[in-house]
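Here is a short briefing on one protein model. It covers the open and enclosed spaces and one charged residue.

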Amino acid sequence: MQKNIVLLPGDGIGVEVIASAKAVLSALSERYNHSFTFESHDIGGIAVDNHGSPLPTQTVDACKKADAVLLGAVGGPKWDQLPSHLRPERGLLGIRKSLDLFANLRPVKGFAKLLHSSPLKEEVINGSDLLIVRELTGGLYFGRPSERSEDGKSVIDTLSYTRDEIERIVDKGFQSARLRRKILTSVDKANVLESSKLWREIVEEKSNEYPDVTVNHVLVDAAAMKLITNPSQFDVIVTENMFGDILSDEASVLTGSLGMLPSASLAENGVGLYEPAHGSAPDIAGLGIANPLAMILSAALMLRHSFQLEEEAKMIETAVEAVIDEGYHTADLQITNGKKVNTAEMTKLVVDFIKS
Ligand code: IPM
Ligand code: MN
């Protein structure tokens, strides 16, 4: 299979973990006789430095032409004081919107060896395996107006959704549940928010089209509590943009580290973008100690969702699991009597497994 992959390393550890994903994909393409070509473009802070914009036109154009996009992370203290239209995060939000990546899938699965890495009790996280389906191009992140008043004394952000926007993500939630244990939890704040009331109505309507899926509604505050008290009750969670952002960081605790959480951002038909759920981690950037596994697992999601290469995707996931089972871990994780390795060593372990 011949595929052109656009790499958007971005800032901080994004650069390091993208290099890892590229090494893993190269090993994989050799083993399975695929031809993957890579093209790198700037996004985020580095793009502000090099092009005066967090999302240069050439980056958007390259992504639109690509077969898939891998993104590292954006942001860092260097760009924190910039006006909001120049902030690195604008690059990320901009590319999600430009590619219409409305569906963000964040699978959360604990690895047996990492149960101790979580501050939660082993008996609580045991058996948890869930998928967060987060709406990614609407809600508070994109609603207008979003501004400060001229006198600086008041601010406004807008949470707006159209019926179409909700319907397509709810469909994605049901479809994802169908491929798993067929339990869909819709998370909202329907006791307060108008947007959530419509959301809940749409989930109810749609449930008639998916009679094989069991649906329940949970308010977001209760969902936050249940996620860390009884996570194994969840199969697929579908929710709006901001709730999904918050709950997915929380859910990463189940895996032991945010450094383990991959994600896939999908459009109806167009190109998909794959990125770890973690950020640019400026505190450890450049030290070569970042955990590359969320990025590597995101590459596996790319193989599965964009290229339909299920066997190859599984190969990466098996490799990651095997390496962790052997006790190897990066600094963000703890394994009793484990072997601490850096980014390059962890990458090589995964690459060697794939080559073997
Ligand atoms: C994420 C990140 C982004 C988000 C930030 C960097 C804009 O936290 O992908 O979860 O909030 O979506
Ligand atoms: Mn987030």
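On a 1 Å grid over the protein atoms alone, a pocket is an open set of points with protein on both sides within 12 Å along at least five of seven lines, whereas a cavity is a set where a 1.4 Å probe fits but cannot get out; lining residues have an atom within 4 Å of a point. This is a predicted model, in which local features need pLDDT of at least 70 and side-chain atom pairs count only at pLDDT 80 or more, while totals for linings use all residues. Residues are numbered from 1 along each chain as its sequence is written.

Largest pocket
- The largest pocket holds about 890 Å³ of space.
- Its lining has 31 residues, and Pro-107, Arg-180, Leu-301, Arg-304 and Glu-317 lie nearest the centre.
- With five residues, α11 gives the most to this lining; helices are DSSP runs (H or I) of at least four residues.

Glu-312
- Helix α11, residues 310-325, includes Glu-312.
- Glu-312 is buried (under 20% relative accessible area, 1.4 Å probe, protein chains only), yet has no salt bridge, meaning a side-chain nitrogen of Lys or Arg within 4 Å of a carboxyl oxygen of Asp or Glu.
- The nearest side chain of opposite charge is that of Arg-31, 8.9 Å away.
- The side chains of Glu-312 and His-34 are joined by a polar contact of 2.7 Å (N or O atoms within 3.5 Å, one able to donate a hydrogen and the other to accept it).

Largest cavity
- There is one cavity of 30 Å³ or more, and the largest cavity contains about 40 Å³ of space.
- Residues lining the largest cavity include Trp-199, Glu-240 and Phe-243.
- α7 (194-207) is one of the elements that supply at least two residues of this lining, and α7 gives the most, with three.

Methods
Chains are lettered from A and ligands numbered from 1 in the order in which they are written. Side-chain values use heavy atoms; hydrogens and water are left out. Buried means under 20% relative accessible area, exposed over 50%, partly exposed in between (1.4 Å probe, protein chains only). Lys and Arg count as positive and Asp and Glu as negative; His and the chain ends are not counted. Grid points are joined across faces, edges and corners, and a volume is the space filled by probe spheres set on the points.
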